[in-house]
Amino acid sequence: MSNITVCARFRPLSSKERSNHGDSVCIHGIDNESFIFKDDKEENFKFGFDRVFYEKSEQAEVFEFLALPIVRDAFNGMNGTVITYGQTGAGKTFSMESGISNRAVGETQMNMASSRSHCIYIFTVQQELTKEKRVKAGKLLLVDLAGSEKAEKTGAEGKVLEEAKTINKSLSALGNVISALTCGSPGKAFHIPYRDSKLTRILQDALGGNSRTALLCCCSPSTSNSAESLSTLRFGTRYQNDLKIKINNVWNCFKKFYFFAMSFLNFFLLGFSNDILILLTHGRAKHIKASPHAHCSKESNAKKHGVYEATKDESMERILNKLKSENKALKTRIAAAGKIDAFHKEAGENGYASIVHKISDRLSHLVSWIWPFSSIKLLPLLAKMTTKILIVQILTLCSIILPKANSLVFKYPAVFNFGDSNSDTGELSAGLGFTLDPVYGRTHFKASSGRFCDGRLIVDFLMDAMKLPFLNAYLDSIGLPSFQKGCNFAAAGSTIHQATPTSVCPFSFDIQVNQFLHFKARVVELLAKGKRLDKYIPAVDYFSKGLYTFDIGQNDLAGAFYSKTIDQVLASIPKILEEFETGLRRLYDEGARNFWIHNTGPLGCLAQNVAKFGTDLSMLDELGCVSGHNQAAKLFNLQLHALCKKLQGDYTDSNITYVDIYTIKYSLIANYSRYGFEQPIMACCGVGGAPLNYNSGISCGQTKVINGTSVTAKACSDSTEYVNWDGIHYTEAANQYVSTQILTGKYSDPPFADKMPFLLDLKF
């Protein structure tokens with residue numbers, strides 16, 4: 001993660017703003033990282049930040065994204081600062097939630113109790129590591145800056161006016177320090193004016209170096225305050241550009257170029273060498289054997305044993321189609337490195353499309369240049385020389401700028417998974433004796449695999465990353481399933497709460513834990529008898545060395561909304577997590593020591609919940625998700641995170657990792673087009689068409705008669721364009737993206753991003 005995080009937050013319109021100027025606002029949100037700003041001259045500006053918090057954003061959301069990483073680092077011996085900046089009344093103090101009893105305030109036209117001083121809290125965290133005989137200390141600064149508006153805007157006079165001048169002088173000094181930190185010549189001594197104000201002197205330890213800084217630019221969305229808001233946003237972009245781009249930009253650009261180049265070479269130079277050659281020889285090459293990476297058409301397969309004279313247009317079309325389809329794969333490869341967001345900010349909204357277009361254009365020029373010589377017999381050699389030059393140039397560049405990196409390998413001999421349909425690999429269908437429609441599993445397995453998805457789940461991708469086989473469902477006994485590398489107890493529809501006779505699934509979390517205990521006891525019993533079953537069951541020590549993964553709780557919340565108010569749902573969360581804690585402690589008592597716990601995703605963004613609870617548009621957020629459901633999910637996650645921290649303290653001999661799935665999925669939905677998707681909420685497989693393509697009465701693949709007409713819930717032609725598969729579950733393409741983000745390590749607590757090499761050993 002970068003040392004600099006810059007965010008913008010817009011508070012709701014005040015009553016005064018509404019009465020004087022109505023509901024007119026100066027911002028138009030694009031996604032949760034960018035927006036359009038219109039100033040008082042009706043001129044539009046586009047701004048991009050690490051995160052944009054709009055009017056409906058909650059305090060917990062701001063804290064988790066902006067402040068929590070810095071607080072963690074303070075405990076690990078790194079200095080960190082959280083700064084709020086903006087005009088008076090923009091929500092700085094509210095966002096900071098700092099005390100104001102000792103703070104100087106005064107009445108201005110901007111606020112009855114305007115801050116007339118900066119407020120700084122300094123916390124020093126010191127840890128004594130007795131075993132290592134060393135002390136680790138970190139400093140955390142919370143800085144609530146005074147209002148940054150112009151003096152004429154406040155109507156200040158006398159003492160208050162003098163205070164305003166001093167405030168603006170110190171803010172100017174802060175800007176000068178930032179400029180000095182970033183504009184000095186490398187290798188030469190230069191002056192940083194820390195002593196120009198008390199503010200910059202106090203913040204000296206927290207600016208520059210390896211310290212972590214978060215800046216929250218607080219703004220009013222009202223057109224009446226557009227000038228002040230624009231000034232605040234420009235300060236934020238100055239801070240962002242000066243510090244972040246100066247420190248990180250060059251190196252990250254090289255790494256991103258490397259990943260793109262290697263991905264391009266992987267599918268293009270290897271997979272389409274024959275098509276390149278056909279382009280160069282204008283169809284004169286006789287039956288050039290296709291690379292195993294190439295996707296040949298039915299026509300070429302039919303002519304496999306004959307002479308196929310492809311035309312220039314056919315080969316060009318095949319390559320360009322492949323470039324388009326592989327665009328998502330290239331994004332995923334770069335996303336796996338955790339650098340995709342910064343890449344887009346530098347490349348622009350259509351960065352990838354631009355790159356693909358340039359490649360296509362260059363290819364066309366290459367063909368045009370070579371075409372006059374198409375009859376020369378040396379063209380195959382020329383083609384090889386052309387690609388070789390490109391490879392040599394890229395590899396030479398990479399050898400200069402990139403250090404060697406080892407692949408990430410999880411050292412777990414087995415995995416034992418517990419959860420619901422997000423990770424069910426066939427448990428419910430085997431347990432209740434039904435078969436999903438063949439459309440489930442069509443993308444990867446080419447047949448129904450018991451998974452509620454068109455292909456692979458997140459757990460499948462994680463197993464792949466660990467170089468382990470896919471997990472077999474505990475109850476699936478057909479086909480000699482092997483449980484040597486673990487077992488999957490997750491069942492679709494399951495809850496943490498104990499199942500009742502009316503529950504969708506009888507295999508609630510407590511039953512799954514019981515199944516595991518029975519599974520372990522039988523394994524120990526069989527191995528004790530000396531039977532040769534080591535190919536099918538895990539070794540005894542795998543139960544202590546293995547990884548225990550959890551993805552459950554979504555159905556507890558989603559189901560509760562059908563019979564409870566939102567307040568009742570929120571009140572039920574502690575009891576749900578109490579039962580979850582009981583199950584985790586039972587597993588610990590049985591020897592489990594490595595816990596990997598996913599929080600729950602944004603329930604309100606599932607088409608099922610939008611269709612049922614989103615008919616009132618006031619209940620939806622800016623992305624079209626049901627606000628109440630997402631509020632419950634975030635509160636559940638906040639308390640789940642606290643539980644994980646508690647268990648980390650209780651079980652010091654264990655590894656307990658909390659993974660923030662919510663943030664990954666919500667970011668995907670908010671920025672879907674950036675990652676190559678076209679539909680963030682609408683179901684791929686369903687009925688009804690836009691905007692949701694979902695009907696609760698007809699599941700994916702089913703056919704029913706409605707009003708005398710036979711209706712079938714069919715799947716879309718290309719599921720890679722959709723985030724959502726059937727209104728409830730994600731597509732394989734979305735699961736793949738989520739998995740790559742998990743493996744960056746930056747969404748985990750404790751985080752492991754600093755332990756991650758840049759190159760990930762992914763086989764997706």
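Q: Before we start, what does buried mean here?
A: Buried means under 20% relative accessible area, exposed means over 50%, and partly exposed lies in between, with a 1.4 Å probe and protein chains only. By that cut-off, 52% of the 764 residues of the protein chain count as buried.

Q: Thanks! Anything to know about the model itself?
A: This is a predicted model, where local features need pLDDT of at least 70, side-chain atom pairs count only at pLDDT 80 or more, and totals for chains, interfaces and linings use all residues. Residues are numbered from 1 along each chain as its sequence is written, and side-chain values use heavy atoms, with hydrogens and water left out.

Q: How many helices and strands are there in the protein chain?
A: The protein chain has 23 helices and 21 strands. These are DSSP runs numbered from the N terminus (helices are H or I, at least four residues; strands are E, at least two).

Q: What is the strand order in the open sheet of six strands?
A: The order is S13-S12-S14-S15-S16-S21, and the pairing is mixed. Two strands pair if DSSP finds at least two bridges between them. Strand S13 (486-488) and strand S21 (748-749) are the edges, each pairing on one side only.

Q: And how do S12 and S14 run?
A: Strand S12 (residues 415-419) and strand S14 (residues 547-551) are parallel, joined by five bridges. Phe418 has Phe550 in S14 as its bridge partner.

Q: Switching to the largest nonpolar core: which residues have the most contacts inside it?
A: Phe550, Phe580 and Phe595 do, in a core of 89 residues. Such a core is a set of buried Ala, Val, Leu, Ile, Met, Phe, Trp, Tyr and Cys residues joined through side-chain atoms within 4.5 Å. Helix H19 (residues 566-589) gives the most to this core, with nine residues.

Q: Helix H19 also holds Glu581, so why does Glu581 count as buried?
A: Because its relative accessibility is 15%. The Glu581 side chain makes a polar contact with the side chain of Arg585 at 2.9 Å. A polar contact is a pair of N or O atoms within 3.5 Å; within protein, one must be able to donate a hydrogen and the other to accept it, and residues adjacent in sequence count only if both atoms are side-chain atoms.

Q: What about Asp556, where is that one found?
A: Asp556 is in helix H18 (residues 554-560). The Asp556 side chain reaches the backbone nitrogen of Ile496 at 2.7 Å.
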